[in-house]
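Q: Please take a close look at a single part of this structure and describe its setting in one connected account.

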Amino acid sequence: MKIKSRMAGLAFWFCISSQCVADQTSSAQTVSIEPSALLEQSSAIIQDYVKAGWFSGNLLIANERGQKVLKSYGYANKAAGIKNQACTRFNIGSIAKIYTAVLVLQYIESGELTLDTTLAEAGLDLDPVIAKKVTIGHLLKHQAGFSDIFVPEYMDNPLKYDTLDKKVALLRNKPLLFEPGTDRRYSNYGYILLGAALESLSGKTFGTLLHDNIFVPVQAKTASLHRLEGDTCQSERYVFNLEQRQERTEFREVSGPDGGIEATVDDVLQFFRVLFFTDRLLVRRASSFTWYFGDKPHFGAYGGGTGVSAAVDVLRNKKLVIVSLANSDELVAERISNRIVALANNTESMPFALPAKHFVYQQYQTLGNEGFKARFAELYKQHGYTSFMGKAINEAGLSLARAGKGEPALTIVGYLGHFYPTAPQAFDSLAYVYYLNGDEANAKREFERALSFKADFNSDYHATNYGLRDVKE
């Protein structure tokens, strides 16, 4: 059992339920679609999420003829009464990785890098053995073997890591999870390394490279690597909580090559329109472009985190781009966009459903303690949820714990021990809830139970394993 349950970062939840680069086949023939007609047909789909109090954001649909339609929902700043509008800037999460990949491909086309350039050759200060066998191509395709940046040290204070050097240092001496090129494991850390390599090679900051090599050529109007605090067109961020209300969050990370560009739907459209439907203004070689982006009819890129959800779907055969950016979370932009894609392709899509952790909380309230233990696993499947059940239970419990609701949090996270009685992660999560409740004695007791199943286990949440054992590299 592997429970992924820390507070989502700007890029963390990108690819939990889908791939970073989603090339999908489609049986639909090449046809032109009028954006306004598709938006009208999608109205009921969008309203599912609006009425649930889940979606707040902008949706833009455009075709190759320059026809486009934009519609706004919800508020950019609820306290100030500022609605989302055409100028609203949203965080696009890990969709920023596509921008980073384009920058890298540009340097490959100029001859300053190759796909086979090693990290040692790129001048990165990593373990020499690792640096000599991991290549730029491995990083681009998430095949390097690095774990991710969301270790307890990082999550304790993300804003502390305000340079790429500081982020690189976090995992500098950590072993690889597999030999480079033999497997695929999504890693934000890999794209941080790509950004560091670009900075080392160019002598420029990553933000400057973005501006000069992408934002200027595509004529993006307000896109940047950072928020414009105080600007009426800068969206605030809202968590879709377990009571199905949007709650403002102050959680922040320092944006970088792995995620966090701030942009309007128009700026994002312009980037993808130029990238896919012009004469290679950004990536000139067809071979370079196809190596990374593939050649199938559908290309999708998705991103998200705390108070962030973003989706771009490019239907190449229909010359259509759908951009959905939200300042609410739980992958809401991706869910809406994917259903609109299905509508455009005349294929079936998954019906509306609340996030899995919300279903956990609903059933906890409905079934009671013994009923939950007896029936929840069956109900989870019956209602069409296919993601790992332990993750959903864990997320529900930790959401309550972070909201200061310690008792129900302990109960819900405690169900992990019922369903997965030999998994150390179950008791690590319970230890963390006790820790958040200020009960260090019970936190240590539960982590000792985790260690009883795996003696060298490291906590997913506590940087020093609650003082019970040294952290192993």
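A: The structure holds 36 aromatic pairs. Rings of Phe, Tyr and Trp (its six-membered ring) pair if their centres lie within 6.5 Å; planes under 30 degrees apart count as stacked, over 60 as edge-to-face and the rest as tilted. One aromatic cluster is formed by Y99, F215, F271, F272, F276, F277, F289, Y292, F293 and F299.

This is a predicted model, in which local features need pLDDT of at least 70 and side-chain atom pairs count only at pLDDT 80 or more, while totals for chains, interfaces and linings use all residues. Residues are numbered from 1 along each chain as its sequence is written, and side-chain values use heavy atoms, with hydrogens and water left out.

The part chosen for the close look is helix α12, residues 332-344. Helices (H or I, at least four residues) and strands (E, at least two) are DSSP runs, numbered from the N terminus. The expected span of a helix is 1.5 Å times one less than its number of residues. For the 13 residues of α12 this gives 18 Å, and the end C-alpha atoms are 19 Å apart, which agrees. After α12 comes N346, whose phi is positive, near 55 degrees.

The helix is mostly covered, with 10 of its 13 residues buried. Buried means under 20% relative accessible area, exposed over 50% and partly exposed in between (1.4 Å probe, protein chains only). The buried residues of α12 are V332, A333, E334, I336, S337, R339, I340, V341, A342 and A344. They pack against α1 (35-41), α2 (43-51), β2 (57-63), β10 (298-305), β11 (308-315) and β12 (320-326). Contact here means heavy atoms within 4.5 Å.

One residue that meets this helix is F55, found in the loop between α2 and β2. At 4% relative accessibility, F55 counts as buried. Its C-alpha atom is separated by 6.3 Å from that of V332, although F55 and V332 are 277 residues apart along the chain. Not counting residues up to four places away in sequence, F55 touches V332 and I336 of the helix, and also I46, Y49, V50, Y73, Q246, S324, L325, A326 and S328. V332 and I336 are themselves among the buried residues of α12. An α-helix has 3.6 residues a turn, so residues three or four places apart point the same way.
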